[in-house]
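Work through the following exercises with the model open. Each task is followed by a solution in steps.

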Amino acid sequence: MARRAPSASAPSRPHRAPNHQSRLHWRETFGFIGPALLALVVVALVPVLWAVGASLYDWHFHRPAARAFIALGNYVRLAGDQRFLNAVWVTLIYTTVSVSATMVLGTLLALLTKAPFPGKGVVRALLTVPMIMTPVVSTLVWKTFFFEADQGLINWLLGFVGIAGPAWVASSPYAFMTVLVVNIWFMTPFVYLVMDAALEGLPGEVVDAAKIDGAGYWQRVRFVILPMLRATIVFTVIFRITIDARMFEIIHVMTGGGPARDTEVLTLWVYNAALRSFHLGYGNAGGVVLMLLVGAACLAIMLVGLRDLYRRSVST
Amino acid sequence: MSGRTRRRLAEAARLLAIALAVFLAVLPLLWVLLASFKLPADVAQLPPRLLFSPTLQNYRQVLDAGFASFFRNSVIVTLGAVALSVGLGVPAAYGFSRLKVPAARALLLFVLSMRFVPYIVFAVPLFVMLVRLRLVGTHGALIVVYILINLPLVVWLMKSFFDDVPTDIDDAAAVDGANRFQSFALVVLPSAAAGVACVTILSFIFTWNEYLLALVLSGRAAQTLPVVLTRFLGGMEDPVRWGLLSASSVVVLAPVVVVTLLVHRHVRAGFGGGAN
């Protein structure tokens, strides 16, 4: 380990001939970031571009010879495909409900655990359990033990108040609720962790000042705490949208998209179209639409959320 | 009601709400853990039997079903993917934090944007490419593909950890004659060790739990545990098989749950740093 020199008196780095130094600098920089960037281009950027390209072809995996360039033909077909439009709609509702619910619940939970209490460390650790559990396993547990029609926990509990619970996973509209419940349960801890850390970073004086000024608890939350967390909230919402809009495992395991395509989100639609029916071009076109929808939603939220933040910081 | 009583009631309500949240958070884990030790006669009983004679029969069946080889697949793929992503991502994060990178903002945005692309968009092209290369069902293919899940996370989180290390120590190392690589490996990296622990654990969790890419790309030979679990348990609607379902679930969960609860501090650090 190198000895530490007092920084104030530390001279700048040894002087070298400028040409040599810039070449060395370039090699250094490439040595550090080059491999990662190359790897990401190969495994991520190339597939994305490939998907965009493939979406312009009429292309079946098992009939490669019949591949034909049809420009935007797949997209035109998508616009009139009821099953696809249903998937867009399901994705929209699914993502909106799940993101909103997790944002509210996670933030509430963070506010609840803000003041100290005995066992806070353990509670924090336990609250993250849903997020780190393998989603396939969590979904199987919910499906088998909790939502099961005849021997599941939920219908057994409902029985005490005289309600004969439905066959949750197999019937409409309950199946959609089950995947939402599991998704919300799975992702609330994520929001909780982020908001909890953000709350901890707030300047205590500001909140205390509002308290002295006579603001009640909810007033402080609404007018002092949440506005200060606005940037965090905007970025968390964006993260949440990207995660839920691509959700696959919970739905694939719980319902497989059924009943009657009630729960067939876009990811599942692409999976079925491109990897079950092997319509590579058509399926990829749906994937590109999903990617554009997610991008547009994130951009819109960033613009709305942060423009507001900017105006606020200018006016104060 | 006096102010003091009201405050006490509010505090009691708060603690009750927290307790309820914790209960809901851990209920599925507790349930499946208990069920994995139950005999078929006990496993579907409601109210759930908390006192029962535990059995290891379910775990024995899981072993007999060849779960060990799938567990091995998961371990190989996860360790390989974590090593590769951390090995590539940590130096890159150092570069973005300490060196003058041309177009650094654009490059960082590119890295981050790859994390926002829905995985299914990657999955279809990668499937076609790997089929052509005859690499579907190899551990290596999955290890490389998982770069796209982990690398953006590693680069972004590690950059914020490196940014927190004061540049004074770089200067001190330079004075002592350390070259750039020595300065990185011997001085700055040790100061950001908590960050390395954090990104390693998060990559580990995400890779171990990943389902979609594994389902599409792992073929028969490299199936990881989440994929096997869903294929292996056809007919699990039958309560007789619920014990087996539980035991295999616990086998899948054990590594992530144990690791996370042991080093929870680092997991938490990741989310605090990641969104701020």
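The exercises below go from one chain to the contact between two chains, and then to backbone details.

This is a predicted model, in which local features need pLDDT of at least 70 and side-chain atom pairs count only at pLDDT 80 or more, while totals for chains, interfaces and linings use all residues. Residues are numbered from 1 along each chain as its sequence is written, and chains are lettered from A and ligands numbered from 1 in the order in which they are written.

**Exercise 1. Describe the overall form of chain B.**

Step 1. Count the secondary structure: chain B has 15 helices and zero strands. Helices (H or I, at least four residues) and strands (E, at least two) are DSSP runs, numbered from the N terminus.

Step 2. Take the extent. Along the principal axes, the C-alpha atoms of chain B fill a box of roughly 75 × 70 × 35 Å.

Step 3. Set the radius of gyration against the globule rule. Chain B has 24 Å, where a compact globule of 276 residues would have a value near 19 Å. The radius is taken over C-alpha atoms, and the rule is 2.2 Å times the number of residues to the power 0.38.

Step 4. Find the buried share, which is 46% of the 276 residues in chain B. A residue is buried if 20 or more other C-beta atoms lie within 10 Å of its own, exposed if 12 or fewer, and partly exposed in between, with C-beta atoms placed from the backbone.

**Exercise 2. Is helix α8 of chain B largely enclosed or open?**

Step 1. Locate the helix: α8(B) covers residues 147–164, 18 residues in total.

Step 2. Check its span. From first C-alpha to last, α8(B) reaches 25 Å, close to the 26 Å expected; the expected span is 1.5 Å times one less than the number of residues.

Step 3. Because 14 of its 18 residues are buried, α8(B) is largely enclosed by the rest of the structure.

**Exercise 3. Analyse how chains A and B meet.**

Step 1. Count the contacts: 79 residues of chain A are in contact with 82 residues of chain B. Two residues are in contact if their C-beta atoms, placed from the backbone, lie within 7 Å.

Step 2. Helix α1 (residues 18–54) of chain A supplies the largest share of chain A's side, 15 residues.

Step 3. Sort that side of chain A by type: 56 nonpolar, 16 polar and seven charged. Ala, Val, Leu, Ile, Met, Phe, Trp, Tyr, Cys and Pro count as nonpolar, Asp, Glu, Lys and Arg as charged, and the others, Gly among them, as polar.

Step 4. Turn to one helix pair. Helix α6 (residues 135–146) of chain A packs on helix α13 (residues 225–232) of chain B at about 30°, with axes 9 Å apart. That makes α6(A) roughly parallel to α13(B), a term for angles under 35 degrees.

Step 5. Name the residues: A:V136, A:V137 and A:L140 meet B:P226, B:L229 and B:T230. Five are nonpolar, one is polar and none is charged.

**Exercise 4. Which peptide bonds and phi values in chain A call for inspection?**

Step 1. The bond from A:S172 to A:P173 is cis, with omega near 0°. The bond from A:G258 to A:P259 is also cis, with omega near -15°.

Step 2. A:A260 has phi near 55°, a positive value in a residue other than glycine. A:A260 is exposed, with 11 other C-beta atoms within 10 Å.

Step 3. A:F278, not a glycine, has a positive phi of about 65°. A:F278 is partly exposed, with 15 other C-beta atoms within 10 Å.

Terms used:
Axes are lines fitted to C-alpha atoms, for helices over the stretch in contact, and angles run from 0 to 180 degrees between N-to-C directions. Angles under 35 degrees count as roughly parallel, over 145 as roughly antiparallel, 65 to 115 as roughly perpendicular and the rest as oblique.
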